[in-house]
Amino acid sequence: MGRAFAQELAINGFNVVLHGRNQEKLARVMSELQDLFPQRLFRILIADASTVACANCLAAPAGGNPDAATVDFEAIKRVLSDINLTVLVNNVGGNPNRPAFLLLQDKEETKVTENVSLNALFPLHLIRALLPELIQNSPALLVTVGTLADQGLPLNASYSASKRFLMTLTSTLRLEMAMEGRENDVEILGIRTGRVTGVAGYKEPPSFFAPDVNTYAKSALALAGHGHGIVIGYWTHTLQYVMASMLPRFVEDKVLISIMRQNKEWELKKMKES
């Protein structure tokens, strides 16, 4: 989805910094985008979002230095100090470990910590580090991409909880900006996402409730500039959410449990096939 957001920003006249942890993949995406938008400037930023330093954290990486592989947010600030940063899209996250669908008590401690680092701590600290730049270069936009899974999905405890954390962070930042009289300097926007196709792990053809990733990115970014705060990024996802909210709680619970059991069975089947 990050590539789609980058492309949509380029369409709207922005130069773009592409963040990720894989140099080769980022270089390929940057080359593709540069070919599509020769009038835009693109840059790569390498940082592994699953390695945020934490107090009293788990065992150090191989080699014994607990800080050897952690993200340096001051270094990120320095790398970006020469550009006029006006938009930050926090789209990092996911549930990359396999199997992804496990009861919390069955997950390894390190995997849970890495997942929370990826989905919650990295965006938190990136915003902390770069918000002063956005304020300085105002008017600016801070977008945090979340998921409708933040309502709490069984077998996805650390992921769902981390995504709820992001939306609470979004609400808090909006109030802090208003408290400081800066609500017009930086728009704080949280976008909750449903199923999107054309992304890692889901390559099925687009459908009514699962738009392709470029359609979704266009729809989501179009919601900026209206002071909405927290929104659902695509209209059919909103329709799904409203329909689900009309169900009695015990029915909604049964539906979620059934869906997640199916997801677990599908994942196990795919793992066996591979």
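**Exercise 1. The packing of α1**

Task: Find which elements the buried residues of α1 pack against in this predicted model.

Solution.
- Start with the buried residues of α1: Ala4, Phe5, Ala6, Gln7, Glu8, Leu9 and Ala10.
- Put that as a count. Seven of the ten residues in α1 are buried, and the helix is mostly covered.
- Now list the partners. The buried residues pack against β1, α2, β2, β3, β4 and α6.
- Last, look at what follows the helix. Gly13 comes after α1 and has a positive phi, near 95°.

**Exercise 2. From α1 to α6**

Task: Glu8 and Lys218 form a salt bridge; work out which parts of the chain the pair ties together.

Solution.
- Recall the principle. Side chains of opposite charge can pair when their charged atoms come close.
- Check the distance. The N to O distance between the side chains of Glu8 and Lys218 is 4.0 Å.
- Place both residues. Glu8 sits in helix α1 (residues 2–11) and Lys218 in helix α6 (residues 213–221), so the salt bridge ties together parts 210 residues apart in sequence.
- Compare each residue with the cut-offs: buried is under 20% relative accessible area, exposed is over 50%.
- Glu8 has 9% relative accessibility, so Glu8 counts as buried.
- Lys218 has a relative accessible area of 51%, so Lys218 is exposed.

**Exercise 3. Two further salt bridges**

Task: The structure holds eight salt bridges. Locate the partners of Asp48 and of Arg98.

Solution.
- Take Asp48. Its partner is Arg21, and the closest N and O atoms are 3.3 Å apart.
- Asp48 lies in the loop between β2 (42–46) and α3 (73–79), and Arg21 in the loop between β1 (16–20) and α2 (23–36), so this pair ties together parts 27 residues apart in sequence.
- Asp48 is partly exposed at 27% relative accessibility. Arg21 is exposed, with a relative accessible area of 55%.
- Take Arg98. It forms a salt bridge with Glu267, with 3.5 Å between the closest N and O atoms.
- This pair links distant parts of the chain, 169 residues apart: Arg98 is in the loop between β3 (87–90) and α4 (109–136), and Glu267 is in helix α8 (residues 249–273).
- Glu267 is buried, with a relative accessible area of 4%.

**Exercise 4. A buried charge without a salt bridge**

Task: Explain why Glu252 does not count as being in a salt bridge with Arg249.

Solution.
- Find the residue. Glu252 is in helix α8.
- Take the distance. Arg249, the nearest side chain of opposite charge, is 4.6 Å away.
- Apply the cut-off. A salt bridge needs the nitrogen and oxygen within 4 Å, so this pair does not count.
- Glu252 is buried all the same.
- List its contacts. Leaving out residues up to four places away in sequence, Glu252 touches Gln151, Ala244 and Leu247.

**Exercise 5. The cavity**

Task: Describe the lining of the largest cavity by element and by class.

Solution.
- Recall the idea. Rolling a probe the size of a water molecule over the atoms shows where empty space is left.
- Count. There is one cavity of 30 Å³ or more. The largest cavity has a volume of about 40 Å³.
- Name the lining: Ile127, Leu142, Thr144, Leu166, Leu169, Thr170, Leu173, Ile188 and Leu189.
- Sort by element. β4 (140–145), α5 (157–179) and β5 (186–192) each give two or more residues to the lining. The largest share, four residues, comes from α5.
- Sort by class. The lining has seven nonpolar, two polar and no charged residues.

**Exercise 6. The loops beside β4**

Task: Find the backbone features of Pro139 and Leu155, then describe the surroundings of Asp150.

Solution.
- Recall the background. Most residues other than glycine have a negative phi, and most peptide bonds are trans.
- Go to the loop between α4 and β4, where Pro139 is found. The peptide bond from Ser138 to Pro139 is cis, with omega near 5°.
- Move to the loop between β4 and α5, which holds Leu155. Leu155 is not a glycine, yet its phi is positive, about 75°. It is buried at 13% relative accessibility.
- Asp150 is also found in the loop between β4 and α5. It is buried, with a relative accessible area of 4%.
- Leaving out residues up to four places away in sequence, Asp150 touches Ser160, Lys163, Arg164, Met167 and Arg192.

Notes. Residues are numbered from 1 along each chain as its sequence is written. This is a predicted model: local features need pLDDT of at least 70, side-chain atom pairs count only at pLDDT 80 or more; totals for chains, interfaces and linings use all residues. Side-chain values use heavy atoms; hydrogens and water are left out. Buried means under 20% relative accessible area, exposed over 50%, partly exposed in between (1.4 Å probe, protein chains only). Lys and Arg count as positive and Asp and Glu as negative; His and the chain ends are not counted. Contact means heavy atoms within 4.5 Å. On a 1 Å grid over the protein atoms alone, a cavity is a set of points where a 1.4 Å probe fits but cannot get out, and a pocket is an open set with protein on both sides within 12 Å along at least five of seven lines; lining residues have an atom within 4 Å of a point. Grid points are joined across faces, edges and corners, and a volume is the space filled by probe spheres set on the points. Ala, Val, Leu, Ile, Met, Phe, Trp, Tyr, Cys and Pro count as nonpolar, Asp, Glu, Lys and Arg as charged, and the others, Gly among them, as polar.
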